[in-house]
Amino acid sequence: MLVIVGAANVFSNSADIGSGLAGAPEQPIVTVSPTVPNDGLASPQVVPSPYVSPGTAAPAKVAKAFAQAWVDHLDVSADDWYAGLLPHCTENLAAKLSGVDPAVVPADRLTGDPTVIPYAENVVDVAIPVDSGRLRLRLTTTDGRWLVDGVDWERA
């Protein structure tokens with residue numbers, strides 16, 4: 001290591017030591033032409049609003065119903081807890097939740113309103129505050145209906 005530092009001192013100009021950027025240009029490096037118009041995006045990409053089919057529930061309403069059933073795990077049987085989730089989730093998620101012991105649910109009550117984070121017309125995330133953190137649900141449309149397809153929980 002001392003050899004490298006010593007060699008650097010020998011080959012460097014003593015006037016540049018301590019300046020930080022030996023050999024740096026006097027002017028900033030320009031990566032965009034000051035005379036040519038910017039060819040980048042004129043505005044950020046707009047995420048489409050979630051599409052709600054006539055006569056069906058909006059993603060926030062579905063997410064809140066699922067979340068309420070999810071936190072309703074005290075004093076209910078595993079079968080009743082699972083049955084409460086089914087109307088609000090996809091078949092894929094229902095298969096994953098089959099056989100889950102509701103005693104492992106890390107929250108007991110909702111503490112706030114859902115916040116919808118859209119990604120596309122048919123995919124959103126919904127964050128819902130719970131007494132122990134935040135429940136995050138991924139929703140997608142199936143046959144025109146919004147259903148929960150993923151569940152995650154973040155500790156407060």
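Here are three short exercises with worked solutions on the structure above.

The model is predicted, so local features need pLDDT of at least 70 and side-chain atom pairs count only at pLDDT 80 or more, while totals for chains, interfaces and linings use all residues. Residues are numbered from 1 along each chain as its sequence is written, and side-chain values use heavy atoms, leaving out hydrogens and water.

**Exercise 1. Find which elements the protein chain has and in what order they run from the N terminus on.**

Step 1: Begin with the count: the protein chain has four helices and four strands. Both are DSSP runs numbered from the N terminus, helices being H or I with at least four residues and strands E with at least two.

Step 2: Now read along the chain, and you get α-α-α-α-β-β-β-β.

**Exercise 2. Work out how the four strands are arranged in the sheet.**

Step 1: The sheet is open, with the order E1-E2-E3-E4 and antiparallel pairing. Two strands pair if DSSP finds at least two bridges between them.

Step 2: Look at the edges, where E1 (115–120) and E4 (145–155) each have a single partner strand, so one side of each is left without a neighbour in the sheet. From one strand to the next, the twist averages 20°.

Step 3: Zoom in on one pair: E3 and E4 are joined in the antiparallel sense over ten bridges.

**Exercise 3. Decide whether threonine 140 is buried or exposed, and describe what it touches.**

Step 1: Locate threonine 140 in strand E3, residues 133–142. Opposite it stands leucine 147 in E4.

Step 2: Check the accessibility. Threonine 140 counts as buried because its relative accessibility is 19%; buried means under 20% relative accessible area, exposed over 50%, and partly exposed in between (1.4 Å probe, protein chains only).

Step 3: List the neighbours, using contact in the sense of heavy atoms within 4.5 Å. Leaving out residues up to four places away in sequence, threonine 140 touches Thr90, Asn122, Val123, Arg145, Trp146, Leu147 and Asp149.

Step 4: Take a closer look at one of these neighbours, asparagine 122: the side chain of threonine 140 reaches its backbone oxygen at 3.1 Å.

Step 5: Set this beside the whole chain, where buried residues make up 24% of the 156 residues.

How values were computed. A polar contact is a pair of N or O atoms within 3.5 Å; within protein, one must be able to donate a hydrogen and the other to accept it, and residues adjacent in sequence count only if both atoms are side-chain atoms. Axes are lines fitted to C-alpha atoms, for helices over the stretch in contact, and angles run from 0 to 180 degrees between N-to-C directions.
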